[in-house]
Amino acid sequence: RGVACGVEHVQHRLRTELKESLYANWSLWLPASFVGFRLVPPHWRIPYVSAVSMVWTTWWSVLQGRFRARNAGAASAEQL
């Protein structure tokens, strides 16, 4: 495993995961930011962003698990 393998891996992940990852990110953070700056009082903004961050971290973990499962399935199909 050299540098070229790492570059190929990154390129593969960008092709297969970037669009879905950005969609998930924007689906949560754009509305959350709007609510946070428009409706949440200043003294509640830090707890609000912390709660949204916890949701995001969970969502991101699930999404990464799906990517890994998908890639593992593709890798096992290639071996056949």
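These legends walk through several close-ups of a predicted model.

**View 1. The whole chain: two helices, zero strands.** The protein chain has 80 residues, and 15% of them count as buried. Helix H1 covers residues 3-38, and helix H2 takes in residues 45-79. Look at contacts with a separation of 6 or more, and 74% of them turn out to join residues 24 or more positions apart. The accessible surface comes to about 6,500 Å², with 67% of that belonging to carbon and sulfur atoms.

**View 2. The largest nonpolar core, seven residues in all.** Here we've picked out Ala-24, Leu-28, Ala-32, Val-52, Trp-56, Leu-63 and Phe-67. Both helices chip in, with H1 and H2 each supplying at least two residues of this core. H2 gives the most, at four residues. For a feel of the packing, follow Leu-28: leaving aside neighbours within four places in sequence, Leu-28 is in contact with Val-52, Val-55, Trp-56 and Trp-59.

**View 3. Ser-21 and its partners.** Ser-21 sits in helix H1. With a relative accessible area of 10%, Ser-21 falls under the 20% cut-off and so counts as buried. Beyond its neighbours within four places in sequence, Ser-21 contacts Trp-56, Trp-60, Leu-63, Gln-64 and Phe-67. Three of these names, Trp-56, Leu-63 and Phe-67, also appear in the largest nonpolar core.

**View 4. Gln-64, seen from helix H2.** Gln-64 is another buried polar side chain, at 14% relative accessibility. Residues up to four places away in sequence aside, Gln-64 touches Arg-13, Glu-17 and Ser-21.**View 5. A salt bridge within H1: Glu-17 and Arg-13.** The side chains of Glu-17 and Arg-13 meet in a salt bridge, at 3.1 Å from N to O. Why are these two about one helical turn apart? Because Glu-17 and Arg-13 are four residues apart in helix H1. Glu-17 is buried, at 6% relative accessibility, whereas Arg-13 is partly exposed, with a relative accessible area of 34%.

**View 6. A salt bridge between the helices: Arg-70 and Glu-20.** Side chains of opposite charge can pair when their charged atoms come close. In this view the side chains of Arg-70 and Glu-20 do so in a salt bridge, 3.1 Å from N to O. The pair links distant parts of the chain, with Arg-70 in helix H2 and Glu-20 in helix H1, 50 residues apart. Arg-70 is partly exposed, with a relative accessible area of 41%, and Glu-20 is partly exposed too, at 31%. The count for the model comes to two salt bridges.

**View 7. Tyr-48 reaching over to Ala-32.** Tyr-48 belongs to helix H2 and counts as partly exposed, at 22% relative accessibility. The side chain of Tyr-48 reaches the backbone oxygen of Ala-32 at 2.9 Å. Along the chain Tyr-48 and Ala-32 are 16 residues apart, and their C-alpha atoms are separated by 9.0 Å. Not counting residues up to four places away in sequence, Tyr-48 touches Ala-32, Val-35, Gly-36 and Val-40.

**View 8. A nonpolar patch on the surface.** Which residues form this nonpolar patch? They are Val-10, Leu-14, Leu-18, Leu-22, Trp-26 and Leu-30, with about 570 Å² of accessible area together. Trp-26, one of the patch residues, is found in helix H1.

Note on methods: Residues are numbered from 1 along each chain as its sequence is written. This is a predicted model: local features need pLDDT of at least 70, side-chain atom pairs count only at pLDDT 80 or more; totals for chains, interfaces and linings use all residues. Side-chain values use heavy atoms; hydrogens and water are left out. Buried means under 20% relative accessible area, exposed over 50%, partly exposed in between (1.4 Å probe, protein chains only). Contact means heavy atoms within 4.5 Å. A polar contact is a pair of N or O atoms within 3.5 Å; within protein, one must be able to donate a hydrogen and the other to accept it, and residues adjacent in sequence count only if both atoms are side-chain atoms. Patches are made of residues with over 30% relative accessible area and no salt bridge: like charges are joined within 9 Å, nonpolar side chains (Val, Leu, Ile, Met, Phe, Trp, Tyr) within 5 Å. Accessible areas come from the Shrake-Rupley method with a 1.4 Å probe; for residues, only the protein chains shown count as cover. A salt bridge is a side-chain nitrogen of Lys or Arg within 4 Å of a carboxyl oxygen of Asp or Glu. A nonpolar core is a set of buried Ala, Val, Leu, Ile, Met, Phe, Trp, Tyr and Cys residues joined through side-chain atoms within 4.5 Å.
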